[in-house]
Amino acid sequence: MANKKVLVTATNYSVLCAEAKRLLEEAGCEIVENKLGRPHTFEELAPLVGDIDGVVAGVDTWNEEVFKIAPKLKAIARFGVGVDNIDLEKAKEYGVQVSNVPAGNANAVAELTIGLLLSLMRNIPALQESAKRAFWDRRVGIEMEGRTVGLLGFGNIAQMVAKKLQGFDVNLIAYDKYPNLAKAEALGVKMVSSDEVLEQSDFVSMHLPSFKETYHMMSDDQFGKMKPTAYFVNTARGALVDEKALYRALVANRIAGAAIDVYEQEPVQADNPLLQLDNLLATPHTAAETVETYHRVGLATAQALLDVFAGKEPANLLR
């Protein structure tokens, strides 16, 4: 294998993916790392991609505009699951093999999802601010026991959320276009329609992939179907939610609160009106950001690139 140049747009690579980086370097690869600590814009990618052979991709956009100026690019190993930031049809047209790591970050995302739920229920961020300022504002929260948690989507992450929530003595319902009924039965989850999830749940958690048909799945109508006492959590993709509709629902108290880790535009802009609301909890697309995820996904993406460079088919090749 001739020396290859690999661009890593996922962040914290040297620190958290040292073993994966070593695997690539021992195979003769030159590594170019993300120095921004955030996704690259096209203008930032342009000077980097002219001579690269492979990419360990974060959530930067990889489309024909980029492929046109990356003539040597043969492989994109997505550092995660979702590939809505990669034009798969154009990648194939330009001879770029794209792979991802299904379930590689599932546990991390599931844990943060539950953490966000608990934070909403018990007002944890506001209570911390109160205590740190010695205000002693002891806000009254609610308990999860006996309530209904609805999962929109029932893939790897949602299934892990359901498994972890079993100890909370909640009622679990879920919607999925292609439901895994055996897994639902094993986890005590009742499969229902998407409307039933919205109407019956005290907590609605989003776990659907981002496709054209799921774009803005949560709109004014959908938020209007939720209980006014219900909470909404999105650790999936920002494009699934019409942020203006979410803003209207929160301002009008049509729902009790929301926690979002993902946004329609990332990095999220400081003037996003959602960030000004007291009943919104926001994190910066950090659900998968754990030491364990970086190690696991780092090794998988490194091996995927090495397989392509060696003329082999990588695991989880997206056709």
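Biologist: Happy to be looking at this with you! Over residues 114-287, how far apart are the end C-alpha atoms?

Modeller: Glad to help, and do keep in mind that this is a predicted model. UniProt, in an unreviewed entry, gives residues 114-287 the feature "domain: D-isomer specific 2-hydroxyacid dehydrogenase NAD-binding". That stretch is 33% helix and 16% strand, and its end C-alpha atoms are separated by 11 Å.

Biologist: Thanks! Into which domains is the protein chain divided, and how far apart do their C-alpha centres lie?

Modeller: Domain 1 takes in 4-104 + 290-318, while domain 2 covers 142-282. Between the C-alpha centres of domain 1 and domain 2 the distance is 30 Å.

Biologist: Which three residues supply 63% of the area that domain 1 buries against domain 2?

Modeller: Start with the interface itself, where eight residues of domain 1 contact five residues of domain 2. The buried area there is about 450 Å², with 53% of it from carbon and sulfur atoms. On the domain 1 side, the three that contribute more than any other three residues are Pro-39, Asp-84 and Ala-103.

Biologist: Lovely. Which residue forms a salt bridge with Asp-84?

Modeller: The count between domain 1 and domain 2 is one salt bridge. The side of domain 1 that touches domain 2 has four nonpolar, one polar and three charged residues. For the Asp-84 salt bridge, the closest N and O atoms are 2.8 Å apart, within the 4 Å cut-off. The partner of Asp-84 is Arg-237.

Terms used
Residues are numbered from 1 along each chain as its sequence is written. This is a predicted model: local features need pLDDT of at least 70, side-chain atom pairs count only at pLDDT 80 or more; totals for chains, interfaces and linings use all residues. Side-chain values use heavy atoms; hydrogens and water are left out. Domain bounds come from an automatic or database domain assignment. Contact means heavy atoms within 4.5 Å. Buried area is the accessible area (1.4 Å probe) that two parts lose on being put together, summed over both. A salt bridge is a side-chain nitrogen of Lys or Arg within 4 Å of a carboxyl oxygen of Asp or Glu. Ala, Val, Leu, Ile, Met, Phe, Trp, Tyr, Cys and Pro count as nonpolar, Asp, Glu, Lys and Arg as charged, and the others, Gly among them, as polar. UniProt positions are given in the numbering used here, feature names are shortened, and annotations may be inferred rather than shown by experiment. Helices (H or I, at least four residues) and strands (E, at least two) are DSSP runs, numbered from the N terminus.
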